[in-house]
Amino acid sequence: MFSYVRALRFVNNRLLCKALHTMKISEEQLALVLRPSVLRLSAIFARHQHELRVAGGAVRDLLRGLVPHDLDFATTATPDEMKKMFEEEGVRMINETGEKHGTVTARIEDENFECTTLRIDIKTDGRHAVVRFTKDWYLDSNRRDLTINSMFLGMDGTVYDYFNGKQHLDERRVEFVGDPDKRIQEDYLRILRYFRFYGRIAKSSDGHSASVLECITRNAEGLARISGERIWSELQKIIVGNYGGQLVQKMIDCNLGPHIGLPDDFSGSECRSLCDRCSACGIDPHALQPMTILAAGFNNVDDAFNFIARVKCSKKERELLVFILDHRGAVIATKDIKILQDLLADMVIDQKVSEKLARNRLEELLKYACQMKLLEDLNSWNLPAFPVVGGVLVSRLDDKRKTRLVTKELFELWKQSNFSATQDELLLHVDEIQANIKLVSKGKKK
């Protein structure tokens with residue numbers, strides 16, 4: 001039965017494919033790919049009578065008039081054949097973990113080239129696939145996610161297009177290869193990849209196919225199986241790309257929110273409004289940090305913590321989101337740089353955050369608030385050093401355990417003085433401050 005079902009799918013997909021379309025790119029375009037290291041790689045495969053083609057994203061980018069940076073290769077050679085071939089040719093191989101999926105990484109002239117055997121998926125669980133190697137280029141193309149990512153480029157400049165990827169690229173359409181349900185259920189992360197590439201390719205913010213959105217909605221729960229790290233990797237690219245706010249709102253409309261950590265009341269439209277405001281005041285929204293834009297959609301910090309727990313973002317990203325949510329109201333409403341100076345002093349002196357990181361947080365916050373004049377003023381202000389020296393303070397205390405609390409009070413007085421109070425002036429307050437501090441005595445351990 002399994003073989004029969006697979007045979008039917010094979011026939012149906014062949015009908016969807018209809019015909020292989022080929023075209024030649026210009027010599028100028030081909031030269032962007034055939035650098036010396038690639039020519040050497042190609043010659044090695046040719047000598048050993050294996051086919052080698054550039055695959056996926058690099059082909060898409062070339063056809064869009066972009067310079068591809070990362071080249072991935074597909075080949076008819078199996079991993080064992082590639083390893084034997086590279087050993088004979090004296091080519092170093094790295095990252096052996098990809099071999100079970102058919103990928104051998106060759107290092108040639110200080111570049112790493114991932115060469116992957118043509119393959120088909122035998123079994124998938126929505127995250128991982130068990131693969132079988134093949135020599136059929138169509139079958140490998142058929143297992144890829146989107147038509148625009150399913151093309152190959154031969155070393156002679158021939159583009160091999162099995163699913164009208166070039167046509168869809170020209171029309172700025174993002175379509176799944178074959179049956180969208182099947183493609184998504186092979187790896188639910190493809191839902192987010194759809195939105196990411198839509199932001200790259202589409203010419204309008206809402207030109208989605210209704211049937212594709214219905215399919216995404218049907219399969220939304222599958223994202224719950226995907227790790228937070230993989231979700232965040234895709235989501236941050238979506239939010240800083242074209243139509244970021246609109247796409248996040250569309251994702252909410254497709255019921256993706258609960259499965260990627262966003263609350264029901266998350267507002268993609270507020271993210272869009274933030275980008276519009278930034279553009280109006282001369283800030284490139286694409287240059288904002290993803291968390292800066294996402295902050296606009298949250299109503300409170302509690303929802304943000306749930307999101308943080310789901311996507312497992314970095315400590316730096318987590319603290320930026322919380323910082324913006326904690327202080328955006330005050331900064332949007334103010335014209336006084338003193339608020340920002342105090343925040344900088346709190347982070348650098350009290351919380352021991354590096355000044356570079358602290359200023360980066362404040363820059364994102366001020367861009368969020370479109371407070372460019374305050375950002376300019378803050379950038380020209382130098383944070384003074386806190387004047388109280390620890391050893392001098394301790395010599396004035398009646399109990400060393402009061403050091404932290406007294407220092408905190410002196411720090412607040414220093415900020416109130418507009419950072420002008422000297423050490424001697426601040427030390428005049430030590431007796432009054434320590435007199436008001438009541439320490440709790442610890443009982444003796446039994």
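Modeller: Before we look at the sheet, one definition is needed: two strands count as paired if DSSP finds at least two bridges between them. Please also keep in mind that this is a predicted model.

Colleague: With that in hand, which order do the strands of the open sheet have, and which are the edge strands?

Modeller: A general idea helps first: in a regular strand, the side chains alternate between the two faces of the sheet. Here the open sheet has eight strands, in the order S1-S10-S9-S2-S3-S6-S5-S4, and its pairing is mixed. The edge strands, each paired on one side only, are S1 (21-24) and S4 (92-94). Neighbouring strands of this sheet are turned against each other by 35° on average, direction ignored.

Colleague: Where can I see the mixed pairing, and in which sense do S3 and S6 pair?

Modeller: Start from S2 (residues 52-55), which runs antiparallel to S9 (residues 152-154) and is joined to it by three bridges; in S9, Phe152 is the bridge partner of Ala55. S2 also runs antiparallel to S3, with four bridges between them, and Val54 stands opposite Phe73 in S3. S3 and S6, by contrast, pair in the parallel sense over four bridges, and there Thr75 stands opposite Thr117 in S6.

Colleague: Which strands does helix H3 lie across, and which does helix H5 lie across?

Modeller: Helix H3 (residues 36-47) lies across S2, S3 (72-75), S5 (103-108) and S6 (111-117), and its direction is at about 35° to S6. Helix H5 (residues 79-89) lies across S3, S4, S5 and S6, running at about 20° to S5.

Colleague: How should I read the packing of H12 and H14, and at what angle do they pack?

Modeller: Two packed helices are described by the angle between their axes and the distance between the axes. For H12 (residues 244-253) and H14 (residues 268-280), the angle is about 180° and the axes are 7 Å apart. Since angles over 145 degrees count as roughly antiparallel, H12 and H14 are therefore roughly antiparallel to each other. In the contact, Gly245, Gln246 and Gln249 of H12 meet Gly268, Ser269, Cys271 and Arg272 of H14. By class, the residues of this contact are one nonpolar, five polar and one charged.

Colleague: What volume does the largest pocket have, and how many residues line it?

Modeller: Rolling a probe the size of a water molecule over the atoms shows where empty space is left. The largest pocket has a volume of about 1,300 Å³, and 39 residues line it, with Arg119, Arg143, Arg144, Asp145 and Arg193 lying nearest its centre.

Colleague: Which helix gives the most to this lining, and how does the lining divide by class?

Modeller: Helix H9 gives the most, with five residues. Among the other elements that each supply at least two lining residues are H4 (57-63), S7 (119-124), S8 (129-133) and H11 (228-239). By class, the lining has nine nonpolar, 10 polar and 20 charged residues.

Key
Residues numbered from 1 in each chain as written. Predicted model: local features only at pLDDT ≥ 70, side-chain atom pairs only at ≥ 80, totals over all residues. Heavy atoms only, no water. Axes fitted to C-alpha atoms, helices over the stretch in contact; angles between N-to-C directions. Parallel < 35°, antiparallel > 145°, perpendicular 65-115°, else oblique. Contact = heavy atoms within 4.5 Å. Nonpolar A, V, L, I, M, F, W, Y, C, P; charged D, E, K, R; others polar. 1 Å grid on protein atoms, 1.4 Å probe; cavity = no way out; pocket = protein on both sides within 12 Å on 5 of 7 lines; lining within 4 Å. Points joined across faces, edges and corners; volume = space filled by probe spheres on them.
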